[in-house]
Amino acid sequence: MALKDTDYPVKYGRPQAANLEKNVTVKFGACPHDCPDGCAMLYHVENERLVKVSGNPYQPFTRGRLCVKTKDFAEHHYNPDRVLYPLRRSGAKGEGKFVRISWDEALDEIYERWQQLINQHGAESILPYGYYGNMGILNGATAGDAFFNKLGTSIGEKTFCASSAVTAQLMTVGPTLGTDPESIVQAKYIIIWGGNTVTTNSHLWPFIASAQKEGAKIVVIDPYRSRTAKMADWHLAVRPGTDGALALALINLIIENDWLDKDYVDRYTLGFEELKAAASSFSVERAASITGINAEDIRTLADEYANTQPALIRVGVGLERHPNGGQAIRAIDCLPALIGAWRYSGGGLLQMPVFVPVQADLLSRPDWIQEGKRVINLTTLAEVLTDKKLAPAVNSLFIWNANPVVQSPNTNKVVEGLLREDLFTVVSEYFITDTARYADLVLPATMAAEHNDIVTSWGQFYIAMNQKAIEAPGEAISNFELFQRLARRFGFNDPHFTKSDTEFLAEALDWDAPLLQGKSYEMLRENGFIRLNVPDKENYRPHAEGNFPTPSGKCEFRSSLDTSSGLVAPLLRQMLIDRQASKPIEPVPNYIPTNQIAAENKGACEAWSLQLISPKSHAFLNSEYANEEHKLRKQEDQSVLINAADAVSRGISHGDTVRVLNELGIVVANARVTDDVPQGVVVVTFGYWEGNAKKNAVNALTRCNGLGFAGTPYYNNTRVEVEKLPAASELM
Ligand SMILES: Nc1nc2c(c(=O)[nH]1)N[C@H]1C(S)=C(S)[C@@H](COP(=O)(O)OP(=O)(O)OC[C@H]3O[C@@H](n4cnc5c(=O)[nH]c(N)nc54)[C@H](O)[C@@H]3O)O[C@H]1N2
Ligand SMILES: Nc1nc2c(c(=O)[nH]1)N[C@H]1C(S)=C(S)[C@@H](COP(=O)(O)OP(=O)(O)OC[C@H]3O[C@@H](n4cnc5c(=O)[nH]c(N)nc54)[C@H](O)[C@@H]3O)O[C@H]1N2
Ligand SMILES: [Mo]
């Protein structure tokens, strides 16, 4: 049901209002996962036990449905493998042997080891490595910032995900929320570009399906026939890393055929002539030979997209993971303005509505960062840990909300680094993950129902409250509490470190900002969720008359955003520098073949004949849940999807055990011979743990790279060979 703001004061959440068994109380939950859906949940508690977790049926976007990952979220909290007490390594590194210690012992050991490192090498020898295992405002990737800024450690730059997509968006349309996902039921043409909605954003799918039922055509642009492509009306199998050429060819066709909304372009865009020039060399024939999509299909796509309104583009992150992915998204982001799609409710661009007014400075304390502090990009962990010339060397890693052995590029090198005897590694976790296995100390962390938080979304317009519903098991503590305790152990007496979680939560959002005006923390606590203060979704047309939050106020085909712009937060400024080329990102979208950009990878890329892409697994959330039996059963053994032509020429049959390899590593998988992938492309999904995969998970094959556009890692720009495994002994 679609309720308006005013319709939902406390209809649920209070025990007496809900249809509940006796003795069951309900608290508001918010899914903590790094997922665009941001579900509002309800925690059902009986005799101090979490007996059920359901979706909050009143949240209009997620509408009470939970996904395959969180269906048994209550049971997840009671998984018997959970780490419940601080642990100290008792065997060799990586052996996985630990003994229980007390929190005081753990904090003392961290204090003593770090003081020693600080005295010998300076605090920059310590590297905090946090990511979005938890998306909460208090317990998320930035939970440790205030503490580490005060301590003066190296700063970890986090560009694993969406940094190209967000930067492209900032440069083109500015920090706008874009099209309301609930409005897209009105769309008549929907392009899902480099995203696997059915798997990764499943609560958006019903809106797309509704539009489809009402006659909208759904187009998926993806190198392989994903679950989403199978549900679509039309799948275009683009060659990986060539989307920029396709988008520029569409622009060229739209201009050549005069399918433009000239009035919109004149009034509300900047740099049309430059975009026209950039696109002019992308004839349909040229784009067809680059992308592998036939010329007639490209023509049809341009014609249908430009002439069917409302037209919507949903951009995923799959296409950003190439050296030219950022510029491809820039080109795509220009399309809605060219055809005036923004004029229509339900049309436009749905990308990353991340610009929610969180009081980030209050929580992270960037004012405590000392001038010139070393910034280390965390996607280069493999190199950082093994670089003998790095000064000071990284001698201690503190990891929370992250599983770099599975998630960071170049697993074998990450592990080589983690095995260093002179590296002191602390990991805060739920389980002994592939990363925690290499830790010197493991610290137990709370799950969502065991702590308080607020969760914002990066896929829809609601914020959700997460209330502590049950006591933490054993001695688990929240990330928030962990850093408060560490700060006090280090003698930091700033009031920041004695404030409680609920005190911070009351201030965590800027309630005076336009997106929150008229809303309040009390309202959030009362209702469990609130909608951002944007107009009624039926009529929401944020850029019908321009009003783009860019320097010019227009959709910028030629970006005028530069590193000095006040619109760009200081930590984002470096995103506008192409670090590989050491100059600002080109302001007009372009397409350069990947092997011309990633020059240092060129040899390796060309030595292997197949292109590997590694999208998300359906039943895992990144690497979470890959240790749980029923999720593994759903997801099945690690497999490699391979086209019949590629399989035959290698003597591979469906079901064979094969190895996927390149100069960095070997991954063992079951071959699935299928025409879901085109010739020349293979797919191994991401998230398996070493122990669950037959041998190694997919990042054993991906490399650290030049960090061009916005520091994005090029996970999908990976070349491999696939070979039939001759003997079972090789599995060892
Ligand atoms: N079930 C599940 N849901 C998740 C996650 C999960 O692990 N599991 N992870 C969450 C996270 S952190 C994120 S960031 C989102 C990501 O959600 P998505 O944006 O859907 O991300 P991916 O699955 O990485 O990639 C999407 C698609 O891009 C395609 N792709 C790869 N290379 C190219 C290319 O060059 N061009 C084009 N056009 N397409 C390409 C892949 O084949 C894939 O089908 O999902 C979130 N939701
Ligand atoms: N090849 C390839 N690699 C990829 C991707 C891909 O598509 N292909 N996707 C990339 C993307 S989009 C992303 S976002 C990253 C994801 O990378 P990560 O954010 O590192 O995700 P996970 O691997 O799920 O690891 C999160 C860990 O945090 C732990 N955790 C969860 N909540 C808490 C908490 O409250 N406290 C503490 N202390 N720990 C907690 C979980 O148990 C889990 O082990 O991976 C990237 N890597
Ligand atoms: Mo992500």
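Colleague: Which of the 33 residues around ligand 1 come nearest?

Modeller: Glad you asked: the model is predicted, local features need pLDDT of at least 70, side-chain atom pairs count only at pLDDT 80 or more, totals for chains, interfaces and linings use all residues, and side-chain values use heavy atoms, leaving out hydrogens and water. Residues are numbered from 1 along each chain as its sequence is written, while chains are lettered from A and ligands numbered from 1 in the order in which they are written. A residue counts as near ligand 1 if one of its heavy atoms lies within 4 Å of it. Among the 33 residues around ligand 1, the nearest are Asp222, Asp243, His322, Phe620 and Asn622.

Colleague: How far is a backbone N or O atom of Asn622 from an oxygen atom of ligand 1?

Modeller: Polar contacts here are pairs of N or O atoms within 3.5 Å. Nitrogen atoms of ligand 1 make such contacts with polar backbone atoms of Gly318, at 3.3 Å, and Ser617, at 2.9 Å. For the oxygen atom of ligand 1 and the backbone of Asn622, the distance is 2.6 Å.

Colleague: What share of the accessible area of ligand 1 does the protein cover?

Modeller: Accessible areas come from the Shrake-Rupley method with a 1.4 Å probe. Ligand 1 has 920 Å² on its own, and the covered share is 98%.

Colleague: Which helix gives the most to the lining of the second largest cavity?

Modeller: A cavity is a set of points on a 1 Å grid over the protein atoms alone where a 1.4 Å probe fits but cannot get out, and lining residues have an atom within 4 Å of a point. The second largest cavity holds about 150 Å³, and its 13 lining residues include Leu138, Ala143, Leu363, Phe480 and His496, the closest to its centre. By class, 10 of its lining residues are nonpolar, 3 polar and none charged. Helix H3 (145-151) and helix H18 (479-489) each supply at least two residues, and the one that gives the most, with 3 residues, is H18.

Colleague: What is the radius of gyration of the protein?

Modeller: The protein has 25 helices and 29 strands, DSSP runs of at least four and at least two residues respectively. The globule rule (2.2 Å times the number of residues to the power 0.38) gives 27 Å for 732 residues. The protein comes close to that value, so it is as compact as a globular protein of that length, with a radius of gyration of 25 Å.

How values were computed:
Polar contact = N/O pair within 3.5 Å; in protein donor to acceptor, adjacent residues only side chain to side chain. 1 Å grid on protein atoms, 1.4 Å probe; cavity = no way out; pocket = protein on both sides within 12 Å on 5 of 7 lines; lining within 4 Å. Points joined across faces, edges and corners; volume = space filled by probe spheres on them. Nonpolar A, V, L, I, M, F, W, Y, C, P; charged D, E, K, R; others polar.
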